[in-house]
Amino acid sequence: MALSRIDTTNMIEDVPQSKLDNNVNFRNIIINGDMSLAQRGTSASNVSTGYNTVDRFKILRGAGQLNVSQETDAPSGSGFVKSFKVLEGSSGANPGASDTNRIQQIFEGQNLQYLKKGTSSAESLTLSFWIKATVTGTYIAELYDLDNTRQISKSYTVSSASTWEYKTITFAGDTTGAFGNDNGDSMSVSLFLTAGSNFTSGTLSTSWSSVTTANRAVGQVNALASGNDFVQITGIQLEAGEVASDFEFLPVDVNLQRCQRYYQTTQSFVGNGSSNTSQCVGETAIGIPMRATPSLSLSGNFVITDGYTSDYTQSSASIGVYSNSAETRSFMVIIQNLPTLTTAKPYHARHSNSSVIQFSSEL
């Protein structure tokens, strides 16, 4: 039977242009903007400033008792299934003059070079997101140039209490001050939740300028004024241009690898008993190279074994770096505070224990 030839000449032309235009191209500067990943856990209470639950989103805490969580609540029909929630867990956040509560993400300078900041061709940036909050009123979003100490703020309005609303905000390009082309922190985006008088007593800086603290959050409502007040966000995207595009959903493996550049965990460990019999010196490895040499910690008391004959559990969680070399993937470490070990005897991680080694190179 003769085989027929398929004419492929016009196959590309037959694909709708919209399908080509919407191909993934990593236009979203935000990582994990759909709030789908939370490697550290899905909830944390009374948090301090830092990273607690949803990957890549930092809480800056100035007042109140903040409880944070990854939620399954999301705007209907949007394609999102998770959101990030900040809830006032006490009687209300009453910020002092120098206090703010913010949700923030920070970016490496080498990922921002295409924005052409500091040139006459500097790109505008558009921020889009879904928000749900108990307190209505004026809220402030800010871009902050950490390399050149410059910033720009824009206001938006939450109109309906406890209702998902979609917001878009466009910031002009900045022709002053280039971003460093390195893996350091060059720019942040912040969503203010509360702001003290030091941040609200001036005139809102809606154009790029050198930082004047009084102009950064003028008009910001206290979104956490009472107990159980909350703010939830999802679908946050920051992209070059003056118009918000559809959210750029990424495959979960791609999203995870991007998050693991800044934080990841492992239970991998093989080593030998040290001359200090309460310590085991060995090696641990991770899968994704990190942004910079990470800090190491343990999530709980680590357990090692000599081959399932005996287990050895730390009296308190403690880990040290044995080698001072600038590594980003494989590390010589010391597991400390163990019961008496045998010098030079081999040990490895007891994988049935719940503790993990944590690696952080967050900005």
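In this predicted model, lysine 154 lies over the face of phenylalanine 171, at 5.8 Å from the ring centre. A second placement of this kind involves arginine 40, whose charged end sits over the ring of tyrosine 263, 3.9 Å from its centre.

Rings also pair with one another, and a search of the whole structure finds 11 aromatic pairs. Among them are phenylalanine 129 and tyrosine 156, which count as edge-to-face because their planes stand at 80 degrees, with the ring centres 5.2 Å apart. This pair links distant parts of the chain, since phenylalanine 129 belongs to strand β7 (residues 125-133) and tyrosine 156 to strand β9 (residues 150-158), 27 residues apart. Both phenylalanine 129 and tyrosine 156 are buried. Phenylalanine 247 and phenylalanine 249 are likewise edge-to-face, because their planes lie at 70 degrees, and their ring centres are 4.9 Å apart. Of these two, phenylalanine 247 is buried, with a relative accessible area of 16%, whereas phenylalanine 249, at 36%, is partly exposed. Ring pairs join Phe80 to Phe247 and Phe249 in a cluster.

Turning to open space, the largest pocket holds about 240 Å³ and is lined by 15 residues, of which Ile29, Ile31, Asn111, Arg258 and Tyr262 lie nearest its centre. The elements that give two or more residues to this lining are β6 (100-108) and α3 (252-260), and β6 gives the most, with 4 residues. By class, the lining has 7 nonpolar, 4 polar and 4 charged residues.

Finally, the cysteines: cysteine 259 is buried at 0% relative accessible area, and cysteine 280 also counts as buried, at 0%. With sulfur atoms required to lie within 2.5 Å, the count comes to 0 disulfides.

How values were computed:
Residues numbered from 1 in each chain as written. Predicted model: local features only at pLDDT ≥ 70, side-chain atom pairs only at ≥ 80, totals over all residues. Heavy atoms only, no water. 1 Å grid on protein atoms, 1.4 Å probe; cavity = no way out; pocket = protein on both sides within 12 Å on 5 of 7 lines; lining within 4 Å. Points joined across faces, edges and corners; volume = space filled by probe spheres on them. Nonpolar A, V, L, I, M, F, W, Y, C, P; charged D, E, K, R; others polar. Buried < 20%, exposed > 50% of the residue type's maximum accessible area, 1.4 Å probe, protein only. Phe/Tyr/Trp six-rings, centres within 6.5 Å; stacked < 30°, edge-to-face > 60°. Lys NZ or Arg CZ within 6 Å of the ring centre and 35° of its normal.
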